[in-house]
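I opened a new notebook page for this one. The plan is to look up a few things and jot down what turns up.

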Amino acid sequence: MPLHLPPAPAPALRSVLTALGSPTAVREAPVPALRAHQGPLSPDHPLPVHVWDDVSRTGGLPQTRLTGWRFLVRGGERAVATAEAMLTADGWTFSRFCGGPYVAATEQALAQAESLATPYQPRLLSVPELYMLTLWLHHDTASDGAEGPAAPGDLLIPLAPAPPGIAAHRPQRIADLLPRLTLRLTPAATPLLAEPA
């Protein structure tokens with residue numbers, strides 16, 4: 001079933017296109033694959049990036065906030081980097097180029113999502129407390145990507161590398177994964193020391 005990609009805000013896309021068109025910005029990017037690529041670069045698969053800050057304090061579904069839009073940067077047939085735009089007081093602006101394992105992991109998760117029978121809207125969900133990034137498959141395909149709370153039936157596909165105990169690239173319902181995430185952040189009880197005799 002095809003994914004329903006929400007359109008990125010036009011100023012966010014323009015900021016990324018401007019950065020990709022700047023030889024200086026590309027040459028100074030901390031991404032070797034991007035700097036080494038010969039030929040045109042293009043932004044692809046715009047994904048709204050949501051952050052879930054309070055995993056250990058939430059009592060229900062994730063309360064998230066939109067922090068930016070991330071694009072896969074294509075160089076020919078493959079993604080060589082990601083480019084991110086963030087919202088500032090002056091509007092959308094280019095933030096950074098990134099490389100590393102999440103580039104290929106995002107491509108892999110999107111391919112997995114395309115093979116599912118149910119249509120979804122893809123988003124990225126960052127969980128800073130766990131150093132975790134997931135592909136969030138949201139049930140409301142008509143949403144603009146910036147809004148829309150998580151629902152129990154939404155799927156998360158943790159990207160590799162995932163935290164210990166969380167299987168990367170295994171789609172799971174939020175309602176099923178949530179207890180495991182909050183459990184990872186619950187401190188273990190400190191054993192009481194015996195009083196001296």
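A definition before anything else: I count a salt bridge when a side-chain nitrogen of Lys or Arg is within 4 Å of a carboxyl oxygen of Asp or Glu. I also keep in mind that this is a predicted model.

**Entry 1, salt bridges.** I ran that rule over the model, and the count comes to six salt bridges. I picked one to look at: Glu-84 pairs with Arg-70, and their closest N and O atoms are 2.7 Å apart. I then checked where the partners sit. Glu-84 belongs to strand β3 and Arg-70 to strand β2, 14 residues apart, so I noted the pair as a link between distant parts of the chain. A reminder to myself: side chains of opposite charge can pair when their charged atoms come close.

**Entry 2, the sheet.** In what order do the eight strands of the open sheet run? I read off β4-β3-β2-β1-β5-β6-β7-β8, with mixed pairing. Next I asked which strands stand at the edges. They are β4 and β8 (172–173); each has a single partner strand, so one side of each is left without a neighbour in the sheet.

I looked at two of the pairings more carefully. β3 and β4 are antiparallel and share seven bridges. A hairpin of two residues takes the chain from β3 to β4, and Ala-85 stands opposite Phe-94 in β4. β1 and β5 (residues 121–127), on the other hand, pair in the parallel sense over three bridges. There I found His-50 opposite Leu-125 in β5.

**Entry 3, helices on the sheet.** I followed α4 and found it packed on the sheet, where it touches β1, β2, β3, β4, β5, β6 and β7 (155–158). Its direction makes about 95 degrees with that of β3. Helix α1 (residues 10–20) lies across β1, β2, β3 and β4, and I got about 45 degrees between α1 and β4.

**Entry 4, the largest pocket.** I looked up its volume, which is about 270 Å³. How many residues line the largest pocket? The lining has 15, and those nearest the centre are Arg-70, Glu-84, Arg-96, Ser-126 and Leu-133. I recognised Glu-84 and Arg-70 as the salt-bridge pair from my first entry.

I then sorted the lining by element. Two or more residues come from each of β1 (42–51), β2 (65–75), β3 (78–88), β4 (91–98), α4 (101–114) and β6 (132–138). The largest share, three residues, is from α4, the helix I had just seen packing on the sheet. By class I wrote down seven nonpolar, five polar and three charged residues.

**Entry 5, backbone oddities.** As background, most residues other than glycine have a negative phi, and most peptide bonds are trans. I went looking for exceptions. His-45 has a phi near 50 degrees, a positive value, and its place is in strand β1. Tyr-131 also has a positive phi, about 50 degrees, without being a glycine; I located Tyr-131 in the loop between β5 and β6.

Where is the cis peptide bond? I found it joining Ala-160 and Pro-161, with omega at about 5 degrees. Pro-161 is in the loop between β7 and β8.

Notes
Residues are numbered from 1 along each chain as its sequence is written. This is a predicted model: local features need pLDDT of at least 70, side-chain atom pairs count only at pLDDT 80 or more; totals for chains, interfaces and linings use all residues. Side-chain values use heavy atoms; hydrogens and water are left out. On a 1 Å grid over the protein atoms alone, a cavity is a set of points where a 1.4 Å probe fits but cannot get out, and a pocket is an open set with protein on both sides within 12 Å along at least five of seven lines; lining residues have an atom within 4 Å of a point. Grid points are joined across faces, edges and corners, and a volume is the space filled by probe spheres set on the points. Helices (H or I, at least four residues) and strands (E, at least two) are DSSP runs, numbered from the N terminus. Ala, Val, Leu, Ile, Met, Phe, Trp, Tyr, Cys and Pro count as nonpolar, Asp, Glu, Lys and Arg as charged, and the others, Gly among them, as polar. Two strands pair if DSSP finds at least two bridges between them. Contact means heavy atoms within 4.5 Å. Axes are lines fitted to C-alpha atoms, for helices over the stretch in contact, and angles run from 0 to 180 degrees between N-to-C directions.
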